[in-house]
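Dear colleague,

Please find below the structure that I am handing over to you. The notes that follow it set out what was found.

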Amino acid sequence: MGPSILHKGHLHLEYHSTQASWIIWKILKARQYLENTLITRAEFLSQQNYSIKNMYNRLRGTYTKIQWKKLICNNQGSPKWLFILYLALQRKLYTKDRLIKLGRNYSPTCPLCEGADENIRHIFFLCPISALIWQKILHWQGISKPVPGWLEEQNWAKSNAAGNNSKAEIYRMPLAGCVYYLWQERNQRLFQNKKRTKDTMLGQIIQDIHYRGTPTSQLAKQFERLNFYP
Ligand SMILES: [Zn+2]
């Protein structure tokens with residue numbers, strides 16, 4: 001014998017009540033999301049056209065997209081340079097601030113300048129040693145601009161060096177080389193107690209850039225012009 005009508009109705013009611021709780025829970029959750037967007041009730045209600053895209057952007061928050069693909073693809077730098085550049089762009093390098101957060105017992109001081117705490121923004125390129133090297137490499141390729149922190153450098157690159165012209169390519173390759181050499185130097189100072197001077201590092205970076213760039217026909221002409229140390 002099947003369930004009585006009353007029993008069926010009871011089930012139906014229970015189903016409705018579960019569904020209602022779920023909807024209320026979703027509404028409360030949605031309210032919490034809306035509060036996170038910092039949108040006011042009046043502002044929300046005054047919207048003429050509700051836009052999912054706008055709400056999504058507000059929920060997500062504003063941040064600059066990292067255009068790492070444009071900096072890494074079509075970059076004549078060596079694979080190991082590009083790998084370190086990729087990690088730096090993704091904020092995946094184990095800088096001391098990250099290691100300390102993971103419970104490692106390190107002094108927070110930057111091994112390059114020994115004058116500030118090490119983090120990604122400091123190494124690239126707020127550190128006076130890094131800033132000087134990167135500034136010289138920028139001047140060497142004819143770029144005159146202040147050397148900022150890592151995010152600002154990426155923003156600048158996104159607007160000025162993401163194209164396929166040789167000038168943009170020449171910017172991208174030394175960027176990868178410089179990031180690699182600075183990270184290598186930091187590791188050598190930290191783990192092997194070895195030190196190179198700024199000039200030695202700069203000379204090695206420029207030699208490597210020439211070594212990699214000269215065989216590329218498109219860049220060869222540009223490198224003839226850049227046949228000097230900064
Ligand atoms: Zn430093």
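I begin with one residue, V179. Apart from its neighbours within four places in sequence, V179 is in contact with I84, L85, A88 and F124. Please bear in mind throughout that this is a predicted model.

V179 also has a place in the wider picture, as one of the residues with the most contacts inside the largest nonpolar core; the others named with it are L85, I133, A176, C178 and I205. That core has 36 residues. Two or more residues are given to it by each of α5 (79-89), α7 (120-126), α8 (128-140), α10 and α11. Helix α10 provides the largest share, namely 11 residues.

A176 deserves a paragraph of its own. This residue lies in helix α10. Is A176 buried or exposed? A176 is buried, because 26 other C-beta atoms lie within 10 Å, where 20 or more are enough for a residue to count as buried. If neighbours within four places in sequence are left aside, the contacts of A176 are N75, G77, W81, L82 and L85. A176 and Y86 are separated by 90 residues in sequence, yet their C-alpha atoms are 8.9 Å apart in space.

As to the chain as a whole, it contains 12 helices and zero strands. Of its 230 residues, 23% are buried. Among contacts between residues at least 6 apart in sequence, 59% join residues at least 24 apart.

Three helix pairs were examined, and I take them in turn.

The pair α10 and α11. The axes of helix α10 (residues 166-192) and helix α11 (residues 198-213) come within 10 Å and cross at roughly 140°. α10 is therefore oblique to α11, and their crossing is right-handed. On the α10 side, the contact is made by M173, P174, G177, C178, Y181 and E185. On the α11 side, M201, Q204, I205, D208, I209, R212 and G213 take part. Sorted by class, the contact of α10 with α11 has seven nonpolar, three polar and three charged residues.

The pair α8 and α11. Here the helices pack at an angle of about 40°, and their axes are 11 Å apart. α8 is therefore oblique to α11. The crossing of α8 and α11 is right-handed. Which residues meet in this pair? From α8 they are I129, L132, I133, K136 and I137, and from α11 they are K198, M201, L202 and I205. By class, the contact of α8 with α11 has seven nonpolar, no polar and two charged residues.

The pair α10 and α12. The axes of α10 and helix α12 (residues 217-225) come within 10 Å, crossing at roughly 80°. α10 is therefore roughly perpendicular to α12. In this pair, S166, E169 and I170 in α10 meet Q218, L219 and Q222 in α12. The contact of α10 with α12 has two nonpolar, three polar and one charged residues by class.

To draw some of these points together: I205 of α11 meets residues of α8 and also belongs to the contact with α10. I205 is, in addition, among the residues with the most contacts inside the largest nonpolar core. C178 likewise appears in that group and in the contact of α10 with α11.

With kind regards

Methods: Residues are numbered from 1 along each chain as its sequence is written. This is a predicted model: local features need pLDDT of at least 70, side-chain atom pairs count only at pLDDT 80 or more; totals for chains, interfaces and linings use all residues. Axes are lines fitted to C-alpha atoms, for helices over the stretch in contact, and angles run from 0 to 180 degrees between N-to-C directions. Helices (H or I, at least four residues) and strands (E, at least two) are DSSP runs, numbered from the N terminus. Angles under 35 degrees count as roughly parallel, over 145 as roughly antiparallel, 65 to 115 as roughly perpendicular and the rest as oblique. Two residues are in contact if their C-beta atoms, placed from the backbone, lie within 7 Å. Ala, Val, Leu, Ile, Met, Phe, Trp, Tyr, Cys and Pro count as nonpolar, Asp, Glu, Lys and Arg as charged, and the others, Gly among them, as polar. A crossing is left-handed if the near helix is turned anticlockwise from the far one by less than a right angle, and right-handed if clockwise. A residue is buried if 20 or more other C-beta atoms lie within 10 Å of its own, exposed if 12 or fewer, and partly exposed in between; C-beta atoms are placed from the backbone. A nonpolar core is a set of buried Ala, Val, Leu, Ile, Met, Phe, Trp, Tyr and Cys residues joined through C-beta atoms within 7 Å.
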